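Dear colleague,

Please find the structure below, handed over for your study. The notes that follow set out what was found in it.

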There are 2 protein chains.
Amino acid sequence: MVACFLCPCPHPYPSSASASPLDLKQEGVAISITIPIPTQRRTTRTRCNLSVPSKTNAITKTEPHPVCTSVKAFAPATVANLGPGFDFLGCAVDGLGDTVSLTVDPHVHPGEISISDISGTGTSTTKLSKNPLWNCAGIAALEVMKMLGIRSVGLSLSLEKGLPLGSGLGSSAASAAAAAVAVNEIFGNKLAVQELVLASLKSEEKVSGYHADNVAPAIMGGFVLIRSYEPLDLIQLMFPAEKELFFVLVTPEFEAPTKKMRAALPAEIGMPHHVWNCSQAGALVASVLQGDLPALGKALSSDKIVEPRRAPLIPGMEGVKRAALDAGAFGCTISGAGPTAVAVIDDERRGMEIGERMIDTFLKEGNLKASANVKRLDRVGARLISSTRT
Amino acid sequence: MVACFLCPCPHPYPSSASASPLDLKQEGVAISITIPIPTQRRTTRTRCNLSVPSKTNAITKTEPHPVCTSVKAFAPATVANLGPGFDFLGCAVDGLGDTVSLTVDPHVHPGEISISDISGTGTSTTKLSKNPLWNCAGIAALEVMKMLGIRSVGLSLSLEKGLPLGSGLGSSAASAAAAAVAVNEIFGNKLAVQELVLASLKSEEKVSGYHADNVAPAIMGGFVLIRSYEPLDLIQLMFPAEKELFFVLVTPEFEAPTKKMRAALPAEIGMPHHVWNCSQAGALVASVLQGDLPALGKALSSDKIVEPRRAPLIPGMEGVKRAALDAGAFGCTISGAGPTAVAVIDDERRGMEIGERMIDTFLKEGNLKASANVKRLDRVGARLISSTRT
């Protein structure tokens, strides 16, 4: 086991995944909530350069009452890694994501969660457990309840999956983020963004490793850089509001298990490649903040360490990248651990044309059917959709 | 020999230094200018996101005439590496640097340079060669003359060193940058910033390796990120004009040869440290662009790869860093390959106090005398000081 790289925490690196999103179904496990309340140190040392005022220390000793009888929250899909931003950078994508509905339910044991329903397109939702301790939304929801000290109210949770599992679009993070925001909203929005990220991280830790590069942008929106975990230090990178940024997301019918994609990574990196990727990471951050889309695309495409190891494991991926660039995309790489390919462009119509070329190439060079989505950068993050006040 | 990391060029990595700044004196070598005019590909593919309009392709086929009989140009000191920005990031420092005076001289063979004088404080200037092929200023000046196609005019060059050699403050780069700018100015400012960087790189290649992290900020000012060399791709990072940034530069009386400091580097880097340093590099770039000085300092101090290997080679350096941070500096690391220690702060008076503490610690823990300078960020770069028109 390799120690975590970002902090002196006990989490292993590169992944502490105890279960993949596809083998979570463990019905019949006794519900025993063991997720501890975060220590004062962890919560008070979190830092986040958001414009949203921090509510750190808002963890209440007196239990808050629900301010709504029900709420519905949405959290967007996310693209993690972004080439040279491997394991510390991610961004949110508008119009794709998961929705969590929560209701105060007197039939649920106080302080607990009951998952009443999991719905969504595709068959993959049947693989998800309704045991809240083995469900991304459930784990995050319970963690927020713990943080708030909820002991007198039980909640019923319904999860609507808008994202396929294991696609590299932050499916588990979207469920966790939507659930965390929903619980926080039903109890009067007491927690700060950082606490919601920490709660969602508990979920990620269980299903895919202690990495915030999906959950942080899923909650905060836009681009987020994870500077450290101990303390949690998140830097929001504002892409200029007046600029357009579209993601062409092409998902082939192919399974790319995170564990296998992690195993493909090199343990050691030569100094030349290290310096190259570091400089591209810096260029990527600069291009986001400066709204320089050609430079962003160039940096996105420039990874010499991770993508060259992973792309050959996804049939057709290398050709798909070439096809995207040939069709005019500013840049292209693997989204998260794949198998989705992500390209960037500044125009929706051109994005759709690029998507078609990428689909054709997945079929031609990888013998894989694929589907494309062209979506804007999500600048908002997880959000309340509706609520019924008490 | 390890191949260069940034491009498919023939330059070795980590350093192609044929001579260190301290062993350049090779009097009596026949002057034979072999520096080729850059190929069309190299010059046309250079890219730089400066506000200064590019003059790429300005390389003239008809020889330009001098527009001045004499010029004087200054180029500032630079801090390269900046912790996790190792080998691709640097910034310029106001009020310290080298000055080059140039005169059209009918006694000098047309198309050539004669170094008439080298002056400056300290004894180190006597180590510099007056042979223009073995002098940083001479090499860069000749390269600019070649780029411009100067065949009919000879120039006399006088170099005033304001920087000590081998201090880690970009002494050779300052000489090269001042000379390149001076030649360009005397012939009517025909070349773009990128060409001047390329000309100065020829000089760096000969004395300390093909790295632009000193010459690019020496010419352009501010912070500059080197994204690639083939083509040359420089990203200027604008630190907000309304914010103050001071560097506390403490130079001990100690020699830290670049070759030795390069040899101390690890050949391979574990994935956790690679990801950590990449994320810190991204955070460093973000903090510069966002003008977030505490975050800049934190990133500056965070290098887990280079500084831990080099600091023990400079007596007292680890204690000096602790002393700077204890005294209130936002961050501290080694400047370039050392031995200068650089700390950052937002107030000049506090900078002087921090400098005193660092000097004390060099003496106490390293048994080294040291001197301190507290200087602002230079936002201008190499500049014309005076000229006499024809």
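**Annotated spans of chain A**

Residues 140-222 of chain A are 55% helix and 8% strand, and the C-alpha atoms at the two ends of this span lie 21 Å apart. Please keep in mind throughout that this is a predicted model. For residues 140-222 of chain A, UniProt gives the feature "domain: GHMP kinase N-terminal", from an unreviewed entry. A second feature from UniProt, "domain: GHMP kinase C-terminal", also from an unreviewed entry, is placed at residues 286-358 of chain A. Over residues 286-358 of chain A, helix makes up 52% and strand 12%, and the end C-alpha atoms are 28 Å apart.

**Where the two chains meet**

How many residues does the contact take from chain B and from chain A? Chain B gives 48 residues and chain A gives 48 residues. Between them, chain B and chain A bury about 3700 Å², with 65% of this area on carbon and sulfur atoms. There are 10 residue pairs in polar contact between chain B and chain A, counting pairs with both residues at pLDDT 80 or more.

Which elements of chain B supply at least two residues each to the side that touches chain A? They are strand S1 (2-3), strand S8 (223-229), strand S9 (232-237), strand S11 (268-270), helix H7 (271-290) and helix H8 (293-300). H7(B) gives the most to this side of chain B, with 16 residues. By kind, the residues on the side of chain B that touches chain A divide into 29 nonpolar, 11 polar and eight charged.

Strands also take part in the meeting of the chains. Strand S11 (residues 268-270) of chain A pairs with S11(B) in the antiparallel sense, over three bridges. In this pairing, Ile269(A) stands opposite Ile269(B) of S11(B).

**Salt bridges**

As general background, side chains of opposite charge can pair when their charged atoms come close. The structure holds 22 salt bridges over all chains, and the count between chain B and chain A is two. One salt bridge is formed by the side chains of Asp233(B) and Lys298(A), at 2.9 Å from N to O. Why does this pair join two chains? Asp233(B) lies in strand S9 of chain B, whereas Lys298(A) lies in helix H8 (residues 293-300) of chain A, so the pair links one chain to the other.

**Backbone details**

Most residues other than glycine have a negative phi, and most peptide bonds are trans. The following places depart from that pattern.

- Glu230(B) and Pro231(B) are joined by a cis peptide bond, with omega about 5 degrees. Pro231(B) is placed in the loop between S8 and S9 of chain B.
- Gly338(B) and Pro339(B) are likewise joined by a cis peptide bond, with omega about 5 degrees. Pro339(B) is found in the loop between strand S12 (331-334) and strand S13 (341-345) of chain B.
- Asn367(A) has a positive phi of about 55 degrees, although it is not a glycine. The loop that holds Asn367(A) runs between helix H11 (348-366) and strand S14 (370-376) of chain A.

With kind regards

Technical notes:
Residues numbered from 1 in each chain as written. Chains lettered and ligands numbered in written order. Predicted model: local features only at pLDDT ≥ 70, side-chain atom pairs only at ≥ 80, totals over all residues. Heavy atoms only, no water. Contact = heavy atoms within 4.5 Å. Buried area = accessible area lost by both parts, 1.4 Å probe. Salt bridge = Lys/Arg side-chain N within 4 Å of Asp/Glu carboxyl O. Polar contact = N/O pair within 3.5 Å; in protein donor to acceptor, adjacent residues only side chain to side chain. Helix = DSSP H or I, 4+ residues; strand = E, 2+ residues; numbered from the N terminus. Nonpolar A, V, L, I, M, F, W, Y, C, P; charged D, E, K, R; others polar. Pairing = 2+ DSSP bridges. UniProt positions renumbered as here; feature names shortened; annotations may be inferred.
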